[in-house]
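Open the model in your viewer and keep the selection panel at hand. The stops below are meant to be taken in order.

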Amino acid sequence: MLEYRDPDDAWRRVTLGSGFLVSPDGLFVTAYHVMRHCLQAQRDTSGLSVKVDCSTARPGLRYIAENEGKEFPIEIVAYLKEADSTSGKEKHTPDEIIKQRDFIVGKLKTDATDSFSSWRLKDFDQTSIDMSNPSANFQLTPLLPPKRVFIAGFPNDHDFVISEGFLNLTEKNRRGYFAADLKVYTTPYLQSQGVAIDTQWGMRIENHMSGGAVVDESGYVVGLVVNGNQTTAGILSIENILSTFFSRVGSAGARPAVLLNPTDTPLYLKRQTIQ
(Lines give C-alpha, C1' and ligand atoms only; values in the text may rest on other atoms or scores of the structure.)
Protein backbone atom coordinates (compact mmCIF):
# COMPACT_ATOMS: atom_id res chain seq x y z
CA MET A 1 0.00 0.00 0.00
CA LEU A 2 1.04 3.62 -0.48
CA GLU A 3 1.12 6.14 2.33
CA TYR A 4 1.16 9.86 1.59
CA ARG A 5 1.04 13.13 3.53
CA ASP A 6 -2.13 15.15 3.03
CA PRO A 7 -2.28 18.99 3.17
CA ASP A 8 -2.77 18.76 6.97
CA ASP A 9 0.51 16.81 7.25
CA ALA A 10 -1.31 13.63 8.27
CA TRP A 11 -0.34 10.27 6.77
CA ARG A 12 -3.05 8.58 4.71
CA ARG A 13 -2.90 5.31 2.82
CA VAL A 14 -4.35 3.76 -0.31
CA THR A 15 -4.17 0.27 -1.73
CA LEU A 16 -2.37 0.17 -5.09
CA GLY A 17 -1.84 -3.51 -5.76
CA SER A 18 -0.71 -6.92 -4.62
CA GLY A 19 2.49 -8.95 -4.66
CA PHE A 20 3.84 -12.33 -3.62
CA LEU A 21 6.88 -13.64 -1.76
CA VAL A 22 9.31 -15.92 -3.59
CA SER A 23 11.92 -16.54 -0.88
CA PRO A 24 11.95 -17.09 2.90
CA ASP A 25 14.13 -14.01 3.42
CA GLY A 26 11.55 -11.64 1.97
CA LEU A 27 12.12 -11.33 -1.78
CA PHE A 28 8.85 -10.57 -3.53
CA VAL A 29 7.52 -9.91 -7.03
CA THR A 30 4.93 -7.34 -8.02
CA ALA A 31 3.99 -5.24 -11.03
CA TYR A 32 6.13 -2.26 -12.05
CA HIS A 33 3.05 -0.06 -12.32
CA VAL A 34 2.23 -0.79 -8.68
CA MET A 35 5.67 0.54 -7.64
CA ARG A 36 6.02 3.36 -10.16
CA HIS A 37 5.81 6.12 -7.55
CA CYS A 38 8.89 4.72 -5.80
CA LEU A 39 10.76 4.46 -9.11
CA GLN A 40 9.90 7.92 -10.43
CA ALA A 41 13.54 9.10 -10.27
CA GLN A 42 14.73 5.86 -11.92
CA ARG A 43 12.18 5.76 -14.73
CA ASP A 44 14.85 6.15 -17.44
CA THR A 45 17.23 3.55 -15.99
CA SER A 46 17.31 -0.18 -15.27
CA GLY A 47 19.16 -1.79 -12.43
CA LEU A 48 19.90 -5.01 -10.59
CA SER A 49 21.27 -5.68 -7.12
CA VAL A 50 20.23 -2.18 -6.15
CA LYS A 51 18.49 -0.88 -3.04
CA VAL A 52 15.81 1.66 -3.86
CA ASP A 53 14.26 2.45 -0.47
CA CYS A 54 10.55 3.02 -1.00
CA SER A 55 10.25 4.79 2.35
CA THR A 56 12.62 7.60 1.40
CA ALA A 57 12.73 7.64 -2.42
CA ARG A 58 10.19 10.49 -2.61
CA PRO A 59 9.35 13.02 0.12
CA GLY A 60 5.84 12.61 1.47
CA LEU A 61 5.39 9.12 -0.01
CA ARG A 62 6.25 5.70 1.32
CA TYR A 63 5.29 2.12 0.51
CA ILE A 64 4.26 -0.41 3.13
CA ALA A 65 3.79 -4.16 2.55
CA GLU A 66 1.52 -6.24 4.73
CA ASN A 67 2.27 -9.91 5.27
CA GLU A 68 0.59 -12.23 7.79
CA GLY A 69 -0.83 -9.31 9.72
CA LYS A 70 2.46 -7.41 10.01
CA GLU A 71 3.64 -4.34 8.11
CA PHE A 72 7.08 -3.90 6.56
CA PRO A 73 8.92 -1.12 4.72
CA ILE A 74 10.20 -2.27 1.34
CA GLU A 75 12.98 -1.71 -1.13
CA ILE A 76 13.27 -2.54 -4.82
CA VAL A 77 16.26 -4.69 -5.80
CA ALA A 78 15.67 -5.28 -9.54
CA TYR A 79 13.74 -3.30 -12.14
CA LEU A 80 13.67 -2.33 -15.81
CA LYS A 81 13.25 1.20 -17.09
CA GLU A 82 9.72 2.46 -17.52
CA ALA A 83 9.81 2.22 -21.33
CA ASP A 84 10.38 -1.54 -21.09
CA SER A 85 7.99 -2.03 -18.17
CA THR A 86 4.86 -0.06 -19.00
CA SER A 87 5.77 2.67 -21.53
CA GLY A 88 4.29 5.03 -18.95
CA LYS A 89 0.74 3.89 -19.76
CA GLU A 90 -2.00 3.10 -17.27
CA LYS A 91 -3.76 0.51 -19.46
CA HIS A 92 -2.57 -1.80 -22.21
CA THR A 93 -4.07 -3.77 -25.04
CA PRO A 94 -3.46 -7.54 -25.02
CA ASP A 95 -0.70 -7.03 -27.60
CA GLU A 96 1.02 -4.46 -25.39
CA ILE A 97 0.72 -6.52 -22.20
CA ILE A 98 2.95 -9.32 -23.44
CA LYS A 99 5.46 -6.98 -25.10
CA GLN A 100 5.92 -5.11 -21.82
CA ARG A 101 7.73 -6.55 -18.78
CA ASP A 102 5.54 -5.02 -16.11
CA PHE A 103 7.28 -6.50 -13.07
CA ILE A 104 9.92 -5.79 -10.44
CA VAL A 105 11.65 -7.70 -7.64
CA GLY A 106 11.56 -6.17 -4.18
CA LYS A 107 12.45 -7.13 -0.63
CA LEU A 108 10.78 -6.70 2.72
CA LYS A 109 13.05 -4.67 5.00
CA THR A 110 13.22 -6.76 8.12
CA ASP A 111 15.41 -8.52 10.63
CA ALA A 112 17.85 -11.01 9.16
CA THR A 113 16.35 -13.60 11.51
CA ASP A 114 12.85 -13.31 10.03
CA SER A 115 11.68 -16.13 7.79
CA PHE A 116 8.58 -15.95 5.58
CA SER A 117 6.30 -18.41 3.87
CA SER A 118 6.71 -18.10 0.11
CA TRP A 119 5.15 -19.46 -3.07
CA ARG A 120 6.78 -22.42 -4.80
CA LEU A 121 8.61 -21.78 -8.08
CA LYS A 122 8.79 -24.73 -10.44
CA ASP A 123 11.93 -25.58 -12.38
CA PHE A 124 11.56 -25.01 -16.12
CA ASP A 125 13.30 -25.66 -19.42
CA GLN A 126 15.22 -22.51 -20.29
CA THR A 127 14.50 -23.08 -23.98
CA SER A 128 10.75 -22.86 -23.28
CA ILE A 129 10.93 -19.06 -23.26
CA ASP A 130 12.79 -16.95 -25.80
CA MET A 131 14.01 -13.70 -24.24
CA SER A 132 16.27 -12.72 -27.14
CA ASN A 133 13.61 -10.24 -28.27
CA PRO A 134 11.15 -9.72 -25.40
CA SER A 135 9.12 -7.10 -27.28
CA ALA A 136 8.73 -9.15 -30.47
CA ASN A 137 5.39 -9.31 -32.25
CA PHE A 138 3.29 -12.39 -31.66
CA GLN A 139 0.06 -14.16 -32.45
CA LEU A 140 -2.16 -15.48 -29.69
CA THR A 141 -2.96 -19.18 -29.88
CA PRO A 142 -5.00 -21.54 -27.67
CA LEU A 143 -3.09 -22.81 -24.63
CA LEU A 144 -2.98 -26.58 -24.94
CA PRO A 145 -4.25 -27.86 -22.63
CA PRO A 146 -6.06 -25.03 -20.82
CA LYS A 147 -4.57 -24.46 -17.38
CA ARG A 148 -6.74 -24.11 -14.30
CA VAL A 149 -5.37 -21.37 -12.05
CA PHE A 150 -6.11 -19.27 -9.01
CA ILE A 151 -5.27 -15.56 -8.79
CA ALA A 152 -4.66 -14.24 -5.28
CA GLY A 153 -4.67 -10.58 -4.35
CA PHE A 154 -5.85 -7.76 -2.11
CA PRO A 155 -8.23 -5.54 -4.09
CA ASN A 156 -9.27 -3.64 -0.96
CA ASP A 157 -7.71 -2.90 2.40
CA HIS A 158 -7.19 -6.20 4.23
CA ASP A 159 -9.58 -8.11 1.92
CA PHE A 160 -8.01 -11.25 0.45
CA VAL A 161 -9.63 -12.43 -2.79
CA ILE A 162 -9.05 -15.51 -4.93
CA SER A 163 -10.32 -15.68 -8.52
CA GLU A 164 -10.58 -19.11 -10.14
CA GLY A 165 -10.65 -20.04 -13.81
CA PHE A 166 -8.65 -21.22 -16.81
CA LEU A 167 -5.85 -19.68 -18.83
CA ASN A 168 -6.79 -20.34 -22.45
CA LEU A 169 -4.53 -18.16 -24.64
CA THR A 170 -0.75 -17.82 -24.98
CA GLU A 171 1.95 -17.12 -27.56
CA LYS A 172 4.78 -19.32 -28.78
CA ASN A 173 7.48 -17.75 -26.60
CA ARG A 174 5.39 -18.21 -23.44
CA ARG A 175 6.00 -14.64 -22.28
CA GLY A 176 2.44 -14.44 -21.04
CA TYR A 177 -1.07 -15.84 -20.95
CA PHE A 178 -4.67 -14.69 -20.97
CA ALA A 179 -7.83 -15.91 -19.33
CA ALA A 180 -10.22 -14.53 -21.93
CA ASP A 181 -13.96 -14.82 -22.39
CA LEU A 182 -13.53 -16.71 -25.65
CA LYS A 183 -14.40 -20.25 -26.67
CA VAL A 184 -11.24 -21.49 -28.37
CA TYR A 185 -11.57 -25.28 -27.90
CA THR A 186 -13.73 -27.87 -29.60
CA THR A 187 -16.07 -30.02 -27.56
CA PRO A 188 -14.15 -33.25 -28.33
CA TYR A 189 -10.88 -31.63 -27.21
CA LEU A 190 -12.36 -30.46 -23.90
CA GLN A 191 -13.79 -33.94 -23.31
CA SER A 192 -10.38 -35.48 -24.02
CA GLN A 193 -8.83 -33.21 -21.37
CA GLY A 194 -11.51 -33.78 -18.76
CA VAL A 195 -12.67 -30.16 -18.90
CA ALA A 196 -16.39 -29.48 -18.67
CA ILE A 197 -17.86 -28.36 -22.00
CA ASP A 198 -19.92 -25.68 -20.24
CA THR A 199 -16.84 -24.10 -18.61
CA GLN A 200 -17.13 -20.35 -18.25
CA TRP A 201 -14.03 -18.87 -19.87
CA GLY A 202 -12.46 -15.67 -18.66
CA MET A 203 -11.66 -14.51 -15.12
CA ARG A 204 -12.84 -11.50 -13.15
CA ILE A 205 -10.01 -9.28 -11.90
CA GLU A 206 -10.71 -6.61 -9.33
CA ASN A 207 -8.90 -3.29 -9.11
CA HIS A 208 -5.62 -3.51 -7.18
CA MET A 209 -5.15 -7.24 -7.77
CA SER A 210 -2.34 -6.29 -10.16
CA GLY A 211 0.90 -7.86 -9.00
CA GLY A 212 -0.87 -10.82 -7.45
CA ALA A 213 0.29 -14.41 -7.82
CA VAL A 214 -1.26 -16.72 -10.40
CA VAL A 215 -0.86 -20.32 -9.16
CA ASP A 216 -1.83 -23.69 -10.57
CA GLU A 217 -3.62 -26.55 -8.86
CA SER A 218 -0.33 -27.86 -7.43
CA GLY A 219 0.51 -24.54 -5.79
CA TYR A 220 3.24 -23.54 -8.24
CA VAL A 221 3.43 -19.95 -9.46
CA VAL A 222 2.41 -19.65 -13.11
CA GLY A 223 2.84 -15.91 -13.38
CA LEU A 224 1.89 -12.41 -12.31
CA VAL A 225 -1.43 -10.72 -13.09
CA VAL A 226 -0.83 -7.28 -14.59
CA ASN A 227 -4.10 -6.39 -16.27
CA GLY A 228 -7.74 -7.35 -16.09
CA ASN A 229 -11.41 -6.45 -16.01
CA GLN A 230 -14.73 -8.20 -15.49
CA THR A 231 -14.00 -10.96 -17.99
CA THR A 232 -10.31 -11.02 -18.92
CA ALA A 233 -7.01 -11.43 -17.06
CA GLY A 234 -3.59 -10.64 -18.54
CA ILE A 235 -0.74 -12.68 -17.08
CA LEU A 236 3.04 -12.38 -17.48
CA SER A 237 4.70 -15.77 -17.04
CA ILE A 238 6.97 -16.58 -14.11
CA GLU A 239 9.57 -17.77 -16.65
CA ASN A 240 9.52 -14.26 -18.11
CA ILE A 241 10.25 -12.76 -14.69
CA LEU A 242 12.90 -15.28 -13.68
CA SER A 243 14.71 -15.11 -17.04
CA THR A 244 14.82 -11.31 -16.82
CA PHE A 245 16.15 -10.90 -13.30
CA PHE A 246 17.74 -14.20 -12.27
CA SER A 247 20.54 -16.47 -13.46
CA ARG A 248 21.40 -20.11 -12.85
CA VAL A 249 25.03 -19.05 -12.53
CA GLY A 250 26.13 -16.90 -9.62
CA SER A 251 29.29 -14.91 -9.03
CA ALA A 252 31.91 -16.14 -6.59
CA GLY A 253 30.48 -16.25 -3.09
CA ALA A 254 26.96 -15.34 -4.20
CA ARG A 255 24.08 -16.79 -2.20
CA PRO A 256 21.11 -18.30 -4.02
CA ALA A 257 18.17 -15.91 -4.16
CA VAL A 258 15.51 -18.56 -4.81
CA LEU A 259 15.34 -22.33 -5.21
CA LEU A 260 13.33 -23.98 -7.97
CA ASN A 261 11.18 -26.98 -7.07
CA PRO A 262 11.42 -29.94 -6.99
CA THR A 263 15.07 -29.94 -8.10
CA ASP A 264 16.36 -27.35 -5.57
CA THR A 265 18.01 -25.62 -8.52
CA PRO A 266 19.43 -22.30 -7.23
CA LEU A 267 18.79 -19.01 -9.01
CA TYR A 268 20.88 -15.93 -8.32
CA LEU A 269 19.90 -12.30 -8.80
CA LYS A 270 21.71 -10.94 -11.80
CA ARG A 271 24.27 -8.33 -10.83
CA GLN A 272 25.06 -6.57 -14.07
CA THR A 273 23.10 -3.50 -15.09
CA ILE A 274 20.51 -4.21 -17.80
CA GLN A 275 20.80 -1.82 -20.71
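The tour goes through backbone geometry, a helix, a charged patch, a polar contact and then salt bridges in this predicted model.

**Backbone geometry**

Start by selecting Leu144 and Pro145. The peptide bond between Leu144 and Pro145 is cis, and its omega is near -10 degrees. Pro145 belongs to strand E9, which covers residues 141–156.

Go next to Asn261 and Pro262, where the peptide bond is also cis, with omega near -5 degrees. Here the proline sits in a loop: Pro262 is between strand E16 (258–260) and strand E17 (265–269).

Now select Asp9, in the loop that runs from strand E1 (2–5) to strand E2 (11–14). Asp9 is not a glycine, yet its phi is positive, about 70 degrees. Arg174 is another non-glycine residue with a positive phi, near 55 degrees. Look for Arg174 in the loop between strand E10 (159–170) and strand E11 (176–179). As background, most residues other than glycine have a negative phi, and most peptide bonds are trans.

**A positive patch**

Keep Arg174 selected and add Arg120, Lys122 and Lys147; together these four form a patch of positive charge on the surface. Arg174 has a relative accessibility of 31% and so counts as partly exposed. Lys122 lies in the loop between strand E8 (104–108) and E9. Its relative accessible area is 46%, so Lys122 is partly exposed too.

**Helix H4**

Select residues 238–245, which make up helix H4. Is this helix enclosed or exposed? Seven of its eight residues are buried, so H4 is largely enclosed by the rest of the structure. The buried residues are Ile238, Glu239, Asn240, Ile241, Leu242, Thr244 and Phe245.

**A polar contact**

Move to Ser210, in the loop between helix H3 (187–192) and strand E12 (213–216). Show the side chain of His33 as well: a polar contact of 3.2 Å joins it to the side chain of Ser210. Ser210 counts as buried, at 14% relative accessibility.

**Salt bridges**

Side chains of opposite charge can pair when their charged atoms come close. How many salt bridges does a search of the whole structure find? The search finds 14.

Select Arg36 and Glu90, whose side chains form a salt bridge with an N to O distance of 3.1 Å. This pair links distant parts of the chain, 54 residues apart: Arg36 is in the loop between strand E4 (27–30) and strand E5 (47–53), and Glu90 is in the loop between helix H1 (82–85) and helix H2 (94–99). Arg36 is partly exposed at 29% relative accessibility, whereas Glu90 is exposed at 60%.

Then select Asp53 and Lys109, a salt bridge in which the closest N and O atoms are 2.6 Å apart. Asp53 is in strand E5 and Lys109 in the loop between E8 and E9, so this salt bridge ties together parts 56 residues apart in sequence. Lys109 is partly exposed, at 31% relative accessibility.

The next pair is Asp123 and Arg248, which meet in a salt bridge of 3.1 Å, N to O. Asp123 lies in the loop between E8 and E9 and Arg248 in the loop between strand E15 (246–247) and E16; the two are 125 residues apart. Asp123 is partly exposed at 23% relative accessibility, and Arg248 is partly exposed at 25%.

For the last stop, select Glu3, Arg13, Arg62 and Glu71, which are joined into one network by salt bridges that share partners.

Terms used:
Residues numbered from 1 in each chain as written. Predicted model: local features only at pLDDT ≥ 70, side-chain atom pairs only at ≥ 80, totals over all residues. Heavy atoms only, no water. Helix = DSSP H or I, 4+ residues; strand = E, 2+ residues; numbered from the N terminus. Buried < 20%, exposed > 50% of the residue type's maximum accessible area, 1.4 Å probe, protein only. Patch = residues over 30% accessible without salt bridge, like charges linked within 9 Å, V, L, I, M, F, W, Y side chains within 5 Å. Areas by Shrake-Rupley, 256 points an atom, 1.4 Å probe, with all protein chains shown as cover. Lys, Arg positive; Asp, Glu negative; His and termini not counted. Charge placed at Lys NZ, Arg CZ, Asp CG, Glu CD. Polar contact = N/O pair within 3.5 Å; in protein donor to acceptor, adjacent residues only side chain to side chain.
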